Amino acid sequence: MIEYVLLAGGVVGVGWLVRRKHRARAAAAPVPGIPGMARRPAGAGRWRPGRVYADGGAARWVPERGESVELPGGRATGLRVPSVKEGISINPGSRIVTCAYDGGGSIEIAVMPLDVRELLEALPQADTPSP
């Protein structure tokens, strides 16, 4: 009987801590930037988590570890869903935006579908040549 009382007390304590953490997260200000994963150059390398910031008119990729990557003149050149192999490394429900930027560099940025519009506003689509 004592075990049940201790178990109930533990469950109540854990519930209280989880609710407290949930309230703290709900009250916190939103984190700036667009969360996602990127690999550079496009089609090679490994996926790294980080955020895309579009302040001051110039976009930049800031990985969780390492130096930020400036994307001067960045343009979105493609939008696709991840392959099965990529879905193992990143969220299979995400969308991959391929970007090219000045200097001949390229990067692929994977974001969730609700963040695609914001990313495309930060990195406008490249002009397609008219026939």
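## Charge, fold and selected residues of a predicted model

The protein carries 17 positive and 12 negative side chains, and 7 Å separates the centres of the two sets. The model described here is a predicted one.

### Overall architecture

Three helices and seven strands make up the secondary structure of the protein. Read from the N terminus, the order of these elements is α-β-β-β-β-β-α-β-β-α. The protein is more spread out than a compact globule, because its radius of gyration of 21 Å is well over the 14 Å that the globule rule gives for 131 residues. The C-alpha trace spans about 80 × 35 × 30 Å along the principal axes.

Of the 131 residues, 27% count as buried. The accessible surface amounts to about 9200 Å², and carbon and sulfur atoms account for 59% of that area. Among contacts with a separation of 6 or more, 40% are made by residues 24 or more positions apart.

### Burial of four residues

The table lists the relative accessibility of four residues that are discussed below.

| Residue | Relative accessibility | Class |
|---|---|---|
| Ser94 | 3% | buried |
| Glu86 | 9% | buried |
| Asp115 | 19% | buried |
| Pro35 | 38% | partly exposed |

Asp115 counts as buried because its relative accessible area of 19% is under the 20% cut-off. Pro35, at 38%, counts as partly exposed because this value lies between the 20% and 50% limits.

### Helix 2 and the loop that follows

Glu86 belongs to helix 2, which covers residues 84–89. Its side chain forms a polar contact of 2.9 Å with the side chain of Arg80. When neighbours within four places in sequence are left aside, Glu86 is in contact with Arg39, Trp47, Arg80, Ile96 and Glu108. Arg80 thus appears both in the polar contact and in this list of contacts.

Ser94 is placed in the loop between helix 2 and strand 6. A polar atom of the Ser94 side chain lies 2.7 Å from the backbone oxygen of Asn91. Beyond its neighbours within four places in sequence, Ser94 is in contact with Val81, Pro82, Ala110, Val111, Met112 and Pro113.

### Strand 1 and the loop before helix 3

Pro35 is part of strand 1, residues 34–39. The C-alpha atoms of Pro35 and Val52 are 6.6 Å apart, with their positions 17 residues apart in sequence. Neighbours within four places in sequence aside, Pro35 is in contact with Gly50, Arg51, Val111 and Asp115. Val111 is also among the contacts of Ser94.

Asp115 is located in the loop between strand 7 and helix 3, the latter comprising residues 116–122. Not counting residues up to four places away in sequence, Asp115 touches Ile34 and Pro35. The contact with Pro35 links this loop residue to a residue of strand 1. From C-alpha to C-alpha, Asp115 and Ile90 are 15 Å apart in space, and they are 25 residues apart in sequence.

### The loop between strands 6 and 7

Asp102 lies in the loop that runs between strand 6 (95–101) and strand 7 (105–111). Residues up to four places away in sequence not being counted, Asp102 touches Pro72 and Gly73. The C-alpha atoms of Asp102 and Val5 are separated by 66 Å, and the two residues are 97 apart along the chain.

How values were computed
Residues are numbered from 1 along each chain as its sequence is written. This is a predicted model: local features need pLDDT of at least 70, side-chain atom pairs count only at pLDDT 80 or more; totals for chains, interfaces and linings use all residues. Side-chain values use heavy atoms; hydrogens and water are left out. Helices (H or I, at least four residues) and strands (E, at least two) are DSSP runs, numbered from the N terminus. The radius of gyration is taken over C-alpha atoms; the globule rule is 2.2 Å times the number of residues to the power 0.38. Buried means under 20% relative accessible area, exposed over 50%, partly exposed in between (1.4 Å probe, protein chains only). Contact means heavy atoms within 4.5 Å. Accessible areas come from the Shrake-Rupley method with a 1.4 Å probe; for residues, only the protein chains shown count as cover. Lys and Arg count as positive and Asp and Glu as negative; His and the chain ends are not counted. The place of a charge is taken as NZ of Lys, CZ of Arg, CG of Asp or CD of Glu. A polar contact is a pair of N or O atoms within 3.5 Å; within protein, one must be able to donate a hydrogen and the other to accept it, and residues adjacent in sequence count only if both atoms are side-chain atoms.
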